[in-house]
Amino acid sequence: MKIKKEISHSERLYKAFIYVVLGILALLIIIPVAWVFMASVKETAEHYGSPWAIPTHIHWQNFVEAWTTSKMGDYMGHSVLVTGLALGILLVVALPASYCLARFKFVGKKFLNTCFMAGLFINVNYIVVPIYLMLNDSDKWLNSIGVGGFLLNNHFVVALIYAATALPFTIYLLTSYFQTLPHDFEEAAYIDGAGYTKTMLKVIFPMAKPSIITVILFNFLSFWNEYIIVKTLITDKELWTLPAGLLNLMQAQQSAANYGPMYAGLVLVMLPVLILYICVQKNLTKGMTVGGLKG
């Protein structure tokens, strides 16, 4: 009985320690986010006082100025377009590819898996300059034959590069999940007369919904917050996405000592991510835990 009491006491201490650590980590995240939201509705004069002071009243003009004068509305539209295109291209390619790699045997399967595994170790930021040189040289060649260059300053090209660089991680995650699904459902669909494509679309993909949502969220965060590729491949500032436009806004507002619109721009970048995470939180947790099981 004493041993059981000692074990129970140690378990309670361990749980208390875990809760304290998790609480501290949560505060380290919540406090800066709350501070940015609070600073985004302050007037300019209030930023020169105590940084932790609560605003005297909500100054919505910061968001209006950031949205219109600083063109954050246009930048957000570009971000929505590029992120949506990139996710669409990625899912159209990665879902069938992952399904085939997980459920079928064919010549060259091991080689393809090795290539995708190798792609996990390549950071796109290290190869963005070669990509730019390739596109720039291609535009010069197109101009020389009278077609006209269109590869730079092109949102579709940026989305295509986003999708291509995210393929290794996406295929790795989806393939691992598809391998855990039982084959009984597919065999039942084949007996009922369903082909490979219909079985994939009507049976496998609905079963893999948690994993697909996980992939969408991770890649959405990556595409939405990316700015190095955008600033390299899009030289026209009018075509920048939200993170690149935010960097330009921060530089402009800091030089003008006008901090309210700058923090409002930060909120505009964070808000879609927070809303999406709140909406898919349960499916995200389920996709991460079930995808790690082996059956």
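This is a quick walk through a pocket, a surface patch and one loop residue in a predicted model.

Let's start with the pocket. How much space lies in the largest pocket? About 330 Å³. It is lined by 18 residues. Closest to its centre are Ile122, Val124, Thr165, Ala166 and Ser222. Now the elements. Two of them, α6 and α9, give two or more residues each to that lining. Helix α9 covers 209-225. Helix α6 gives the largest share, 5 residues. What is the lining made of? By residue type, 11 are nonpolar, 6 are polar and 1 is charged.

Next, the surface. There is a nonpolar patch of about 1,200 Å². Please find these on your screens: Tyr14, Phe17, Tyr19, Val20, Val21, Leu22, Ile24, Leu25, Leu28, Ile29 and Ile30. Take Tyr19 as one of them. Tyr19 sits in helix α1, residues 2-39. Is Tyr19 buried or exposed? Its relative accessible area is 59%, so Tyr19 counts as exposed; the cut-off for that is over 50%.

Last stop, Asn153. Where is Asn153 found? In the loop between α5, residues 128-144, and α6, residues 155-178. That second helix is the one that gives 5 residues to the pocket lining. Look at the backbone here. Phi of Asn153 is near 55°. That is a positive value, in a residue other than glycine. As for exposure, Asn153 has a relative accessible area of 31%, so Asn153 is partly exposed.

To recap: a pocket of about 330 Å³, a nonpolar patch of about 1,200 Å², and a positive phi at Asn153.

Note on methods:
Residues are numbered from 1 along each chain as its sequence is written. This is a predicted model: local features need pLDDT of at least 70, side-chain atom pairs count only at pLDDT 80 or more; totals for chains, interfaces and linings use all residues. Side-chain values use heavy atoms; hydrogens and water are left out. Helices (H or I, at least four residues) and strands (E, at least two) are DSSP runs, numbered from the N terminus. Buried means under 20% relative accessible area, exposed over 50%, partly exposed in between (1.4 Å probe, protein chains only). On a 1 Å grid over the protein atoms alone, a cavity is a set of points where a 1.4 Å probe fits but cannot get out, and a pocket is an open set with protein on both sides within 12 Å along at least five of seven lines; lining residues have an atom within 4 Å of a point. Grid points are joined across faces, edges and corners, and a volume is the space filled by probe spheres set on the points. Ala, Val, Leu, Ile, Met, Phe, Trp, Tyr, Cys and Pro count as nonpolar, Asp, Glu, Lys and Arg as charged, and the others, Gly among them, as polar. Patches are made of residues with over 30% relative accessible area and no salt bridge: like charges are joined within 9 Å, nonpolar side chains (Val, Leu, Ile, Met, Phe, Trp, Tyr) within 5 Å. Accessible areas come from the Shrake-Rupley method with a 1.4 Å probe; for residues, only the protein chains shown count as cover. A salt bridge is a side-chain nitrogen of Lys or Arg within 4 Å of a carboxyl oxygen of Asp or Glu.
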